[in-house]
Each structure stands twice: as C-alpha cells, then as structure tokens.
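Here's a quick look around one proline and the packing that surrounds it. Have the structure open as you read.

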Amino acid sequence: MRRRGRSGRIGTVPTPGTSALVVTLPSAAVLLETAAAVDPALVRPGLPPHVTALYPFLPADRLSERTDTGITQLAASFPATDVQLAELVTAPGFVAAAAPALQPLADAVCDHWPDVPPYGGRFGAHPPAHLTIALGGSDDQRAEVAERARAALPITARADTLHLVVLTEQGWQLRLSAPLGMPAR
C-alpha cells in the first residue's frame, strides 16, 4: 500500500494533520454497511457516510479562526438540501454513489481555496461529488458491493452541514460544523 506524505497527498495513507471538508449523510449508512458485509477493509474507518467537498484541505497547523470563518460563511450561502443517491459510479478500485445535488457546494469550496487542489489535482479542479462506498479490494469484491449497493438505491439523504475534520493520532476529529443556509454571526 502506498502511503501519503505529511501533506495528505493522494496515493498514500493520510497522516495526522490532514484535514478535509465533508458533508455527512448518516441516512446513507446502509451503503457502507453493504461494503463492510463483503469486506470491512473496503470501508474507510473513522468517518460516517459523507460527500467530500475538499480533500486534502489545509494542514491542521494552518487552520485558523479566519479559515473557520470562511468555511462558515461559505456554508451559510448554500441551502440545506435533500441529496438523491441514485446512480452508482465504479472505477478500478472504487465504488461510489453520485451526489450531483452537492456539486455546487463542492465546486464553491474548491473555488474558494484554489491553491488547495482536490485529491492533489488527480481528478481536476472540480471532481464529481460522490459518496465513496468501497475503496480497494478485488474486482469480485467490488462487483458484489456494487450489486448490493444498487439494490439499496435510491436513497435520499439530508445535507445540512459542512464539517471540517482533522486526522489525529486517535482518528478523524471534528473541528468545525458549519450549518448550510445559516448566516454567520
């Protein structure tokens, strides 16, 4: 397994100090459960089902009150929304559910921090918003996950908060929850 450097770059395992902006979708847990039933190693530990707006985000030592304010203001400019997870996306080593309702938010986050390329730039400046169901495993395992996940779709999940999470030695920790559609105070 390739590992991530301290910057959290893709192709490696994230290290403490890596941060991310995510929208959790707890009602989509059944999708991760389908993957874990095939092989628990297919599911990334430590975070509930979520759509990533920007990963890796700033290193933890660069996060500040100004960053928190920027996140809060940006989140407030987008309404809470229902996210329809209806289409499965598969690629080598990857099974996900498309989350097009969150694309405008993800794009705005990436545009707000243009010096922080999502996924290290591997998928362009605006990668498609998605909920990762399974990563890694064999072709047969991913096919089984896709079949089980497809049977659980469609799922409608409420997106109401943009979260800033930071990886620590104890796992992913919440640093900030910024409600969508709520003006900053």
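In this predicted model, P127 sits in the loop that runs between α3 (103-112) and β6 (130-135). Is P127 buried or exposed? With a relative accessibility of 9%, P127 counts as buried, because the cut-off is under 20%. Setting aside neighbours within four places in sequence, P127 touches Q103, P118 and Y119. There's also a link back to the helix: the C-alpha atoms of P127 and A106 are 8.4 Å apart, with their positions 21 residues apart along the chain.

Now for the helix itself. The buried residues in α3 are Q103, L105, A106, A108, V109 and C110. As for partners, the buried residues of α3 pack against β1 (19-24), β2 (50-54), α2 (65-76) and β8 (161-168).

Y119, one of the contacts of P127, leads on to the aromatics. Three aromatic pairs turn up across the whole structure. Here are two that involve Y119:

| Pair | Centre distance | Plane angle | Geometry |
|---|---|---|---|
| Y55 and Y119 | 6.3 Å | 55° | tilted |
| Y119 and F123 | 5.7 Å | 75° | edge-to-face |

Y55 belongs to the loop between β2 and α2, while Y119 belongs to the loop between α3 and β6, so their pair ties together parts 64 residues apart in sequence. Why does the pair of Y119 and F123 count as edge-to-face? The ring planes are at 75°, and edge-to-face means over 60 degrees. Together, Y55, Y119 and F123 make up one aromatic cluster. Burial varies within the cluster: Y55 and Y119 are both buried, with Y119 at 15% relative accessibility, whereas F123, at 45%, counts as partly exposed.

What about empty space? The whole structure holds two cavities of 30 Å³ or more.

The largest cavity has a volume of about 80 Å³. Among its 13 lining residues, L32, V43, R44, H50 and T132 come closest to the centre. β6 is the top contributor to that lining, giving five residues. By class, the lining has 10 nonpolar, two polar and one charged residues.

The second largest cavity, at about 60 Å³, brings us back to the proline. Its lining includes P127, P118, Y119, Y55, A106 and C110. β2 and α3 are the elements that give two or more residues to this lining, and β2 gives the most, with three. This lining divides into 10 nonpolar, two polar and no charged residues.

Definitions and conventions: Residues are numbered from 1 along each chain as its sequence is written. This is a predicted model: local features need pLDDT of at least 70, side-chain atom pairs count only at pLDDT 80 or more; totals for chains, interfaces and linings use all residues. Side-chain values use heavy atoms; hydrogens and water are left out. Helices (H or I, at least four residues) and strands (E, at least two) are DSSP runs, numbered from the N terminus. Buried means under 20% relative accessible area, exposed over 50%, partly exposed in between (1.4 Å probe, protein chains only). Contact means heavy atoms within 4.5 Å. Rings of Phe, Tyr and Trp (its six-membered ring) pair if their centres lie within 6.5 Å; planes under 30 degrees apart count as stacked, over 60 as edge-to-face and the rest as tilted. On a 1 Å grid over the protein atoms alone, a cavity is a set of points where a 1.4 Å probe fits but cannot get out, and a pocket is an open set with protein on both sides within 12 Å along at least five of seven lines; lining residues have an atom within 4 Å of a point. Grid points are joined across faces, edges and corners, and a volume is the space filled by probe spheres set on the points. Ala, Val, Leu, Ile, Met, Phe, Trp, Tyr, Cys and Pro count as nonpolar, Asp, Glu, Lys and Arg as charged, and the others, Gly among them, as polar.
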